[in-house]
Amino acid sequence: MTRDSRYDILFEPVRLGPVTSRNRFFQVPHCCGMGTQYTETQAAMRGVKAEGGWGVVCTEECMFHMTSETGSYPDPVLFEDRDIKAMAVIAEAIKKHGSLAGVELAHHGMSAENLYSRMAPLGPSSRPQFYGKPLHTKAMDKTDIRDFRRWHRDAALRAKAAGYDVVYVYAAHNIALPMHFLSRRYNDRTDEYGGSLENRVRLIRELLEETKDAIGDSCCVAIRFAVDELLGDAGITKDGEGREVIEMLAELPDLWDVNISGWANDSQSSRFSEEGYQESYVAFVKSLTSKPVVGVGRFTSPDAMVSQIKRGVLDLIGAARPSIADPFLPNKIDEGRIEDIRECIGCNFCISINNQSAPMRCTQNPTVGEEWRRGWHPERIAAKGSDDKVLIVGAGPAGLEAAHALGKRGYEVHLAEARREIGGRITAESALPGLAAWGRVRDYRAYGISQMGNVSVYRDSLMGPGELREFGAAHVVIATGARWRKDGVGRRNPAGIAGAGDHPVFTPDDIMAGAALQGPVVLFDDEDYYLGGVLAEKLRADGLDVTLVTANADVSAYCHNTLEQERIQARLIELGVTIIPLHNLAAIEAGEVELACVFTDRRRRLECASLVLVTGRKPEDSLYRSLTTDRGGIKTLTRIGDCVAPATIAAAVFEGHRYARELDGPAQGDVPFLRERVG
Ligand code: ADP
Ligand code: SF4
């Protein structure tokens with residue numbers, strides 16, 4: 001297939017100061033939980049994106065001084081010359097494929113914790129550290145500022161020595177020292193670095209000038225700048241100082257990378273924003289500078305990308321999450337394979353993992369982070385090792401991914417699903433408020449399978465042990481999922497909840513299947529991820545009086561990791577959902593429930609016509625168990641996904657993929673992948 005000429009503009013080269021990007025696809029700096037602690041892992045992950053057609057591929061933020069180090073969080077570092085080697089491994093993996101390698105030199109300033117180095121965080125003024133740590137920043141004196149500029153310059157030289165083509169001055173996300181100097185909130189200095197905007201922007205200007213002076217002959221010096229903080233007059237705004245800064249520095253950098261801050265604004269999930277959601281904030285930038293402008297917006301549609309360029313909003317299409325979900329997105333557009341794009345669903349699961357200091361994972365792309373350690377390529381997979389027939393039972397995320405990947409390997413695959421609709425939990429959950437984009441997990445695989453002559457899908461096909469034995473497949477894969485429990489067994493009540501068997505309760509499965517509830521509704525969220533909050537939102541939108549009870553201080557507490565928690569809580573409050581935090585559900589009675597304070601066990605009663613339990617899930621493994629004693633002619637019988645151990649959609653997709661890779665592969669050892677270690 002060939003490229004649709006409408007998309008030609010996306011493949012035009014763009015000059016970035018002394019270097020040129022081969023096209024307009026720009027993987028902006030994004031966290032990945034790899035750093036240079038997992039150098040090979042990161043190098044392979046970034047390298048695959050370059051191979052997939054991204055003209056520029058950046059690392060994440062790169063620390064360059066011990067006054068800003070991230071402890072056990074894996075970030076790349078250029079503290080000293082000895083660090084050049086590891087950074088060069090990553091740059092080389094990117095450049096091998098003809099892409100430019102970028103690095104974002106970062107100093108966390110007032111938000112630094114420095115747990116490892118024990119050095120005081122630095123800031124324009126003395127303030128408590130951002131994240132509730134019992135420490136204050138040191139107000140930098142003139143010597144500190146001179147030192148900081150020197151460290152930055154030295155780091156830029158190291159970045160160049162490591163082979164990077166694009167080097168960033170970082171002033172975004174409210175976690176960068178230059179942004180702290182710019183901010184009226186944090187900067188109360190009376191010297192030439194405080195007071196007027198001209199003074200507060202001085203440090204950014206100096207960094208840009210000095211970086212250009214040091215490496216500008218051969219490297220593009222970029223700035224990542226937040227034009228708006230969504231804080232109104234308390235912060236930088238696109239109509240106020242955000243605009244003025246662009247006017248003041250317009251021609252100084254070789255590239256403007258513009259966004260909204262903090263990170264929770266920049267990386268909004270699909271539950272709270274549409275593709276292109278930053279346009280109204282950043283659209284003015286191009287009118288003030290002749291330098292190229294890159295911006296993000298969870299772009300996965302080539303038409304939306306072309307529109308950004310043609311309407312003069314952006315010169316380069318920035319992407320973090322879309323490049324994680326599909327490293328080959330540019331090449332697929334180039335080759336006229338739009339339908340093959342594995343679109344990011346905007347779930348922020350990737351972020352939730354790297355926020356816990358581990359290499360990121362992706363709901364859509366099971367190969368991310370596995371490129372080096374398992375040798376998995378997002379587009380290539382080994383041809384089948386035999387002519388064996390494979391039967392998969394259950395077309396949820398695990399079964400669909402297994403069928404898709406085995407189909408690509410050339411196996412004869414049969415996928416049987418009890419329901420009319422395929423997709424399992426994806427189909428049910430994507431009908432809930434704000435989760436429509438999650439349907440892409442099903443749609444990408446359903447489309448792929450529909451193009452394969454060797455994969456058959458059987459709907460309305462409830463399979464029992466007899467059917468499985470008679471089917472004649474050498475390999476049978478059970479991917480029958482899980483059901484939400486009705487007995488209250490869960491995190492806070494591992495032995496269940498008193499009265500759960502005596503009174504009717506509703507589970508998420510019941511609600512998603514259309515159960516009619518009476519108010520007042522009490523929803524006990526013992527899972528702490530997104531579903532409890534989403535269901536409360538739905539039931540409230542249905543006009544019911546809803547109280548959400550959680551043993552945490554916050555609703556949907558895991559969603560702090562996905563950057564969504566504050567928006568979720570705000571939305572529930574605005575909708576009129578009553579929130580009772582820090583209480584467990586102690587007992588269920590007729591027409592009411594008993595709650596227990598998690599600290600004192602003090603009890604209170606709540607009227608309740610319908611109780612919704614979002615507690616634990618039970619693996620749906622009866623079919624698997626019924627076959628373990630008499631398999632008939634089945635060579636291998638394997639369970640995958642939620643019917644083994646209920647977990648995330650990402651985990652189910654991963655297990656489906658792993659099954660497909662390993663069906664005829666070598667036996668796995670106790671450590672089934674390469675580990676990065678010295679010696
Ligand atoms: P996972 O997340 O592990 O993929 P899901 O619960 O999303 O699990 O999907 C499991 C799918 O398996 C559901 O669509 C369900 O209807 C289907 N299923 C369960 N039992 C059977 C069975 N005996 N025969 C066919 N399909 C089944
Ligand atoms: Fe997109 Fe979700 Fe994958 Fe992150 S985990 S890249 S948000 S699909």
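**Exercise 1. Determine which ring the charged end of Arg373 sits over, and at what distance from its centre.**

Solution. A charge sits over a ring if NZ of Lys or CZ of Arg is within 6 Å of the ring centre and within 35 degrees of the ring normal. For Arg373, the ring is that of Phe673, with the charged end 3.9 Å from its centre. A further case is Arg374, whose charged end sits over the ring of Trp376, 5.4 Å from the centre.

The model is predicted: local features need pLDDT of at least 70, side-chain atom pairs count only at pLDDT 80 or more, and totals for chains, interfaces and linings use all residues. Residues are numbered from 1 along each chain as its sequence is written, chains are lettered from A and ligands numbered from 1 in the order in which they are written, and side-chain values use heavy atoms, with hydrogens and water left out.

**Exercise 2. Classify the aromatic pair of Phe11 and Phe25, and state which parts of the chain the pair ties together.**

Solution. Step 1: rings of Phe, Tyr and Trp (its six-membered ring) pair if their centres lie within 6.5 Å; planes under 30 degrees apart count as stacked, over 60 as edge-to-face and the rest as tilted. Step 2: the centres of Phe11 and Phe25 are 5.3 Å apart with 50° between the planes, and the pair is tilted. Step 3: Phe11 lies in the segment before β1 (14–16) and Phe25 in strand β3, so the pair ties together parts 14 residues apart in sequence. Helices (H or I, at least four residues) and strands (E, at least two) are DSSP runs, numbered from the N terminus. Step 4: both Phe11 and Phe25 are buried (under 20% relative accessible area, with exposed over 50% and partly exposed in between; 1.4 Å probe, protein chains only).

**Exercise 3. Compare the expected span of helix α14 (residues 397–409) with the distance between its end C-alpha atoms, and describe its surroundings.**

Solution. Step 1: the expected span is 1.5 Å times one less than the number of residues. Step 2: the 13 residues of α14 should therefore span 18 Å, and the end C-alpha atoms are 18 Å apart, which agrees. Step 3: 12 of the 13 residues are buried, so α14 is largely enclosed by the rest of the structure. Step 4: the buried residues include Leu400, Glu401, His404 and Arg409. Step 5: what covers these buried residues includes β13 (389–393), β14 (412–416) and α22 (649–662), where contact means heavy atoms within 4.5 Å. Step 6: just after α14, Gly410 takes a positive phi of about 100°.
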